[in-house]
Amino acid sequence: LHNVWDSICTRYKQDLPRPMNSTTTRIINDLADTFQKNVKVSPAMRTMVNATIMAQEGFADAVQYGYLNNRLKSGDTLNAEYLNNCWRVASYRITEAGYRLATHLNYLFKYKILAVQGSGVVSNEKNNISG
């Protein structure tokens, strides 16, 4: 069952080779673009950073959609309805996680830049952010 969800509900069965190359980068970028265009995540849910709440959300989704409120038994066949719901939930959770990661990174980079600026030290690192 875990493999089904990890494969985004059997839609992405392939393991992408490491290290990444231009083909794998394109696949990931295309998937991210698809999610951003088609999955709506509210501003409040995009910026949620409370780890306890996020864990509770994941657990609730796993129980309700992954295990069908404990009605799914070992050996059961996963039908089209299950896989469609799986796709819908997994797409949302991946998109939501991307926005939340961006929220964390934006905060961390902003904090790092402010700390460097406040110290009087001029940073010559390539990751300086302008704008």
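Student: Is Arg100 buried or exposed?

Tutor: Buried means under 20% relative accessible area. Arg100 has 5% relative accessibility, so Arg100 counts as buried. Note that this is a predicted model, and every value here is computed from it.

Student: Which salt bridge does Arg100 form with Glu57, and what is the N to O distance?

Tutor: A salt bridge needs a side-chain nitrogen of Lys or Arg within 4 Å of a carboxyl oxygen of Asp or Glu. The side chains of Arg100 and Glu57 satisfy this at 2.8 Å, N to O. Arg100 belongs to helix H5 and Glu57 to helix H4, so the pair ties together parts 43 residues apart in sequence.

Student: Where does Arg93 come in, and what is its salt bridge with Glu57?

Tutor: Arg93 also has a salt bridge with Glu57, and their closest N and O atoms are 3.4 Å apart. This pair links distant parts of the chain as well, with Arg93 in helix H5 and Glu57 in helix H4, 36 residues apart. Arg93 is partly exposed at 23% relative accessibility, whereas Glu57 is buried at 15%.

Student: What separates Arg93 and Glu96 along helix H5?

Tutor: Arg93 and Glu96 are three residues apart in helix H5, so about one helical turn separates them. Their side chains meet in a salt bridge, with 3.0 Å from N to O. Salt bridges with shared partners join Glu57, Asp61, Arg93, Glu96 and Arg100 into one network.

Student: How many salt bridges does the whole structure have?

Tutor: A search of the whole structure finds six.

Student: What does Glu96 touch, apart from residues up to four places away in sequence?

Tutor: Glu96 touches Val41, Met45 and Glu57. Glu96 has a relative accessible area of 1%, so this residue counts as buried.

Student: Which residues have the most contacts inside the largest nonpolar core?

Tutor: Ile8, Cys9, Phe35, Cys86 and Trp87 have the most contacts inside this core, which has 13 residues. Helix H2 (22-38) and helix H5 each supply at least two residues of the core. Helix H5 gives the largest share, five residues. For one member, Cys86, the contacts beyond four places in sequence are Val4, Trp5 and Cys9.

Student: Which residues form a nonpolar patch on the surface?

Tutor: The patch consists of Leu101, Leu105, Tyr107, Leu108, Phe109 and Tyr111, and together they have about 640 Å² of accessible area. Take Tyr107, which is found in helix H5. To count as exposed, a residue needs over 50% relative accessible area. Tyr107 has 56%, so Tyr107 is exposed.

Student: Which elements have the lowest and the highest mean pLDDT?

Tutor: Helix H5 (residues 80-118) has the lowest mean among the elements, 88, and helix H4 (residues 51-66) has the highest, 96. The protein as a whole averages a pLDDT of 86, and 85% of the residues score at least 70.

Student: Where does pLDDT stay under 50?

Tutor: Where pLDDT is low, the predicted coordinates should not be read in detail. Here pLDDT stays under 50 over residues 121-131. For this stretch the model has eight contacts beyond four places in sequence.

Key:
Residues are numbered from 1 along each chain as its sequence is written. This is a predicted model: local features need pLDDT of at least 70, side-chain atom pairs count only at pLDDT 80 or more; totals for chains, interfaces and linings use all residues. Side-chain values use heavy atoms; hydrogens and water are left out. pLDDT is the predictor's confidence in each residue, from 0 to 100. Helices (H or I, at least four residues) and strands (E, at least two) are DSSP runs, numbered from the N terminus. Contact means heavy atoms within 4.5 Å. A nonpolar core is a set of buried Ala, Val, Leu, Ile, Met, Phe, Trp, Tyr and Cys residues joined through side-chain atoms within 4.5 Å. Buried means under 20% relative accessible area, exposed over 50%, partly exposed in between (1.4 Å probe, protein chains only). Patches are made of residues with over 30% relative accessible area and no salt bridge: like charges are joined within 9 Å, nonpolar side chains (Val, Leu, Ile, Met, Phe, Trp, Tyr) within 5 Å. Accessible areas come from the Shrake-Rupley method with a 1.4 Å probe; for residues, only the protein chains shown count as cover.
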